[in-house]
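Biologist: Before we discuss this protein, please show me the sequence and the structure together. I should then like to ask why particular terms are applied.

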Amino acid sequence: MTLVSPATRAWQAERGRLIGIAYRMLGDHGHAEDVVSEVAIEALQQERAERSSQDDAVADGASTSRVRSWPAWLTTVCVRRSIDRVRALAAVREDYVGPWLPEPVATSRLPEDAVADRELLSLALLHMAEQLAPDARAAVVLHRAFGMSAVEIGRILEKSAAAVRQLVSRAERRLRLADDPALTRAADPTALGALLVAVEHGDVSGVLALLSDDAILWNDGGGKVSAARNPIFGADRVRRFLVGVLQKAAADPALPFSVKRLDVNGEPAIAFLRSGRVDVLALEFGADGLIHGLRQVCNPDKLAYVL
């Protein structure tokens with residue numbers, strides 16, 4: 001019987017939570033899994049180094065330090081590796097063709113620990129978090145989604161508690177995370193259902209009625225498929241763009257087209273299915289019940305986890 005080491009046992013128990021941290025930091029599930037795998041390797045290396053140093057210390061009659069809490073150690077390494085990867089990806093995303101949007105993931109495919117608290121999991125907030133510096137993103141993710149104190153976060157980021165509180169406060173203002181019960185970005189099921197029906201039946205006025213005047217649509221094709229390369233502003237332009245896409249998709253009877261409701265990133269969304277291709281449309285609702293933001297991901301490289 002093979003005994004599982006403390007580091008491996010801790011990593012297996014914490015893996016879902018670590019993926020939740022890394023995915024919120026990176027907006028890319030594949031990169032998040034890579035980071036968490038790297039954390040596992042580093043944990044095993046740390047454990048082996050501890051054993052080696054302990055053996056040397058016993059021979060010399062000296063004392064040696066050990067990891068006191070593997071969950072805390074794993075969290076620290078995961079956050080720091082995620083920050084490093086955010087910085088490494090920044091240059092790549094600057095050269096991205098058109099708007100860059102986070103990678104949507106079917107809620108059912110995310111580890112339970114990653115969706116236990118759905119704070120900062122929506123595509124809207126993951127997209128907006130791209131505005132934040134890596135340290136600020138880490139601080140607000142750990143505070144809002146995982147309930148960590150400023151002192152705990154400070155140990156990870158090697159900052160004072162006061163500096164962490166300032167990072168979190170500024171990030172919350174930037175992301176508009178006011179503690180206002182009237183403010184909601186979650187997709188309203190009734191409005192989403194109405195939009196789904198309007199799209200299915202080609203009801204142009206129905207689509208327009210659900211859009212706020214200042215609605216913005218981001219369309220992420222990544223240069224792999226045809227997509228708008230700049231955000232589309234205003235209800236009428238968004239409506240015309242969506243109707244044009246749908247009419248083009250439905251024009252060829254040889255390529256079956258349908259729409260369905262999905263649950264991605266802990267929220268309902270709309271999927272356009274045609275000729276083996278799936279596009280995901282995530283919606284951001286305002287307190288008025290209207291759609292203020294639409295984020296359509298059609299880059300096939302980003303759609304591996306939606307079904």
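Biologist: How many bridges join strand S1 to strand S6, and do the two run parallel or antiparallel?

Modeller: Six bridges join S1 to S6 (residues 291–297), and the two strands run parallel. One of the partnerships is that of Leu-211 with Ile-291 in S6. Please note that this is a predicted model, in which local features need pLDDT of at least 70 and side-chain atom pairs count only at pLDDT 80 or more, while totals for chains, interfaces and linings use all residues. Residues are numbered from 1 along each chain as its sequence is written, and side-chain values use heavy atoms, with hydrogens and water left out.

Biologist: What makes S1 and S2 count as paired, with two bridges between them?

Modeller: Two strands pair if DSSP finds at least two bridges between them. S1 and S2 (residues 232–233) are joined by two bridges, so the criterion of at least two is met. These strands run antiparallel, and Leu-217 has Ile-232 of S2 as its bridge partner. The elements themselves are DSSP runs numbered from the N terminus: helices are H or I with at least four residues, and strands are E with at least two. The protein has eleven helices and six strands.

Biologist: Why are S2 and S3 said to stand at the edges of the sheet?

Modeller: The open sheet has six strands in the order S2-S1-S6-S5-S4-S3, with mixed pairing. S2 and S3 each have a single partner strand, so one side of each lacks a neighbour in the sheet. For S3, eight bridges pair this strand with S4 in the antiparallel sense, and Leu-262 stands opposite Ala-269 in S4. Helix H9 packs on the sheet, where H9 touches S3, S4, strand S5 (277–285) and S6, and the direction of H9 makes about 165° with that of S3.

Biologist: Why is S1 described as mostly covered?

Modeller: Eight of the ten residues of S1 (residues 211–220) are buried. Buried means under 20% relative accessible area, exposed means over 50%, and partly exposed lies in between (1.4 Å probe, protein chains only). Of the 307 residues of the protein, 51% count as buried.

Biologist: What makes helices H7 and H8 roughly perpendicular?

Modeller: H7 (residues 150–157) and H8 (residues 161–174) pack at an angle of about 100°, and their axes are 8 Å apart. Axes are lines fitted to C-alpha atoms, for helices over the stretch in contact, and angles run from 0 to 180 degrees between N-to-C directions. Angles under 35 degrees count as roughly parallel, over 145 as roughly antiparallel, 65 to 115 as roughly perpendicular and the rest as oblique. H7 is therefore roughly perpendicular to H8. The residues in contact (heavy atoms within 4.5 Å) include Ile-153 and Leu-157 of H7, and Val-164 and Arg-165 of H8. The contact divides into seven nonpolar residues, one polar and one charged; Ala, Val, Leu, Ile, Met, Phe, Trp, Tyr, Cys and Pro count as nonpolar, Asp, Glu, Lys and Arg as charged, and the others, Gly among them, as polar.

Biologist: Why is Asn-265 called buried, and why is Arg-176 called partly exposed?

Modeller: Asn-265 has 2% relative accessibility and so counts as buried, whereas Arg-176, at 44%, counts as partly exposed. Asn-265 lies in the loop between S3 and S4, and Arg-176 in the loop between H8 and H9. The phi of Asn-265 is near 55°, a positive value in a residue other than glycine. The phi of Arg-176, near 60°, is likewise positive in a residue other than glycine. Most residues other than glycine have a negative phi.

Biologist: How do you know that His-29 is buried, and what is the corresponding class of Glu-38?

Modeller: His-29 has a relative accessible area of 3% and is therefore buried; Glu-38, at 27%, counts as partly exposed. Helix H2 (residues 29–60) holds His-29, and Glu-38 lies in H2 as well. Neighbours within four places in sequence aside, His-29 is in contact with residues including Tyr-23, Glu-103 and Tyr-305. On the same basis, Glu-38 is in contact with Arg-81 and Arg-85.

Biologist: How many disulfides does the structure hold?

Modeller: There are zero disulfides, a disulfide being a pair of cysteine sulfur atoms within 2.5 Å. Cys-78 is buried at 0% relative accessible area, and Cys-298 is buried at 2%.
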